[in-house]
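Reader: I am new to this structure and should like to understand the terms used to describe it. Would you kindly show it to me and explain them?

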Amino acid sequence: MRTKLVAGNWKMHGSLATNAGLLQAVRDGTTGKAEVAVCVPYPYLAQARAVLEGSAVAWGAQDVSEHAQGAFTGEVSGAMLVDFGCRFVLVGHSERRSFYGDTDALVAAKFAAAQTAGLIPVLCVGESLAEREAGVTGEVVTRQIDAVLANSGAGAFARAVVAYEPVWAIGTGRTASPQQAQEVHALIRARFARDSADVATGLRVLYGGSVKAGNAAELFGQPDIDGGLIGGASLVAADFLAICAAA
Ligand code: PGA
């Protein structure tokens with residue numbers, strides 16, 4: 001049995017003042033049935049640790065450098081995230097891929113750097129609307145995963161998470177239907193099964209893209225959906241906790 005995981009992705013939102021109540025409410029409201037995490041902006045990692053340490057809620061970051069250290073102005077290494085108690089880090093979020101030029105190769109390097117530092121990477125994959133309409137969803141998602149498999153191997157996914165996030169569903173209020181999502185999740189698991197049945201069986205594949213309290217239970221009820229990566233709804237404690245409860 002795969003333990004469900006619900007991870008919040010705060011994106012570039014928050015302040016010390018508003019985070020305090022949100023973090024405390026998530027801490028207080030987490031029951032411990034599903035695994036829960038929040039991926040916060042870098043400057044708030046210390047605050048997340050201060051509030052969440054010793055609780056059932058893990059924390060993490062939204063990106064990581066592919067380098068271990070050096071002259072890379074503005075970058076943050078995996079070891080630095082570990083210093084602040086991070087358990088998870090997102091790699092390859094579609095906003096990184098589309099706005100900041102994170103290529104499949106760069107995402108693969110970030111995934112490897114995260115694991116080397118001792119973090120659990122959450123590899124985000126997903127197709128654009130044009131790609132879905134062109135009928136190439138499977139090819140796109142497989143290409144994104146294959147880049148990481150070629151670099152790190154299937155065994156690395158025993159300590160990793162995959163998040164399927166159709167780009168057209170992120171922040172749009174337009175969720176993939178449970179059937180649409182399940183179809184891609186099954187395809188993702190089958191891709192891993194080609195390399196390792198054990199890894200495929202144990203791998204958690206999260207769904208992300210306009211998950212709300214009202215649609216979470218049906219999505220999480222699909223056989224290959226092992227939780228969610230939650231953007232907008234992770235900024236409101238009651239909404240996020242309701243999604244966690246649905247898992
Ligand atoms: P959303 O974002 O829940 O606001 O659609 C999901 C994500 O980008 O991780």
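Reader: At roughly what angle do the axes of helix α7 and helix α8 cross?

Author: In this predicted model, the axes of α7 (residues 137-152) and α8 (residues 178-195) cross at roughly 40 degrees and come within 10 Å.

Reader: Why are α7 and α8 called oblique to each other?

Author: Angles under 35 degrees count as roughly parallel, and 65 to 115 as roughly perpendicular. The crossing at roughly 40 degrees belongs to neither class, and α7 and α8 are therefore oblique to each other. Their crossing is right-handed. The residues in contact include V141, I145 and L149 of α7 and V184, L187 and I188 of α8.

Reader: What makes the buried residues of helix α2 line one face of the helix?

Author: The buried residues of α2 (residues 45-52) are L45, Q47, A48, V51 and L52, where buried means under 20% relative accessible area. Seen down the axis of α2, these residues fall within an arc of 160 degrees, so they line one face. They pack against α1, β2, β3 and α3. Just after α2, G54 has a positive phi of about 80 degrees.

Reader: How do you know that strands β4 and β5 pair?

Author: Pairing requires at least two bridges; β4 (residues 88-91) and β5 (residues 120-125) have four, in the parallel sense. V91 stands opposite L123 in β5. Helix α5 (residues 104-117) packs on the sheet and touches β4 and β5, and its direction makes about 160 degrees with that of β5.

Reader: Which strands make up the closed barrel?

Author: The barrel has eight strands, running β1-β2-β3-β4-β5-β6-β7-β8 with parallel pairing. Neighbouring strands are turned by 25 degrees against each other on average, direction ignored.

Definitions and conventions
Residues are numbered from 1 along each chain as its sequence is written. This is a predicted model: local features need pLDDT of at least 70, side-chain atom pairs count only at pLDDT 80 or more; totals for chains, interfaces and linings use all residues. Side-chain values use heavy atoms; hydrogens and water are left out. Buried means under 20% relative accessible area, exposed over 50%, partly exposed in between (1.4 Å probe, protein chains only). Helices (H or I, at least four residues) and strands (E, at least two) are DSSP runs, numbered from the N terminus. The arc is that of the directions from the helix axis to the C-beta atoms. Contact means heavy atoms within 4.5 Å. Axes are lines fitted to C-alpha atoms, for helices over the stretch in contact, and angles run from 0 to 180 degrees between N-to-C directions. Angles under 35 degrees count as roughly parallel, over 145 as roughly antiparallel, 65 to 115 as roughly perpendicular and the rest as oblique. A crossing is left-handed if the near helix is turned anticlockwise from the far one by less than a right angle, and right-handed if clockwise.
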